[in-house]
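Me: I'm new to this one, so could you show it to me and then let me pester you about the labels?

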Amino acid sequence: MSKKAAEPATIFSKTVADEIRQAIKASGLNNKETLAETGISPNYFYERMRGDKPFNTNDISKIADALGMEAFIILRKNR
């Protein structure tokens, strides 16, 4: 059975990536440090940050944990 390719990111998924970007910046960590904490590969991470593919909820949870925050904060647009 072949693996199905992920669909391109939707507007919502791109908004989540923007929220992740802002959360990383606010945390004082950089992307490299965040990835080291999460175990997410750079290629996987940057494909999602560019909007080529969406993050899944496990990814968001790992990133939030690394940043010391709740995953729901990333999902809730708070502006």
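Reply: Sure. Keep in mind that this is a predicted model. Let's begin with F45, which has a relative accessible area of 0%.

Me: What makes F45 buried?

Reply: Buried means under 20% relative accessible area. F45 comes in at 0%, so it is buried.

Me: And why is Y46 called partly exposed?

Reply: Y46 has 33% relative accessibility. Partly exposed runs between the 20% and 50% cut-offs, so Y46 fits that label.

Me: What makes F45 and Y46 an aromatic pair, and why is it called edge-to-face?

Reply: Their ring centres are 5.1 Å apart, and rings pair if the centres lie within 6.5 Å. The planes are at 80 degrees; over 60 counts as edge-to-face, so that's the name. F45 and Y46 also share one aromatic cluster with F55.

Me: How do you know that R48 lies over the face of Y44?

Reply: R48 sits 3.4 Å from the ring centre of Y44, and the distance cut-off is 6 Å. The direction must also be within 35 degrees of the ring normal.

Me: On to helix α2, then. How do you know that T34, L35 and T38 are on the same side of α2?

Reply: Those three are the buried ones in α2, residues 31–38. They cover an arc of only 100 degrees around the axis, which puts them on the same side. On the other side, K32, A36 and E37 are exposed.

Me: What covers the buried residues of α2?

Reply: The cover includes α1 (11–27), α3 (42–49) and α4 (57–67).

Terms used. Residues are numbered from 1 along each chain as its sequence is written. This is a predicted model: local features need pLDDT of at least 70, side-chain atom pairs count only at pLDDT 80 or more; totals for chains, interfaces and linings use all residues. Side-chain values use heavy atoms; hydrogens and water are left out. Buried means under 20% relative accessible area, exposed over 50%, partly exposed in between (1.4 Å probe, protein chains only). Helices (H or I, at least four residues) and strands (E, at least two) are DSSP runs, numbered from the N terminus. The arc is that of the directions from the helix axis to the C-beta atoms. Contact means heavy atoms within 4.5 Å. Rings of Phe, Tyr and Trp (its six-membered ring) pair if their centres lie within 6.5 Å; planes under 30 degrees apart count as stacked, over 60 as edge-to-face and the rest as tilted.
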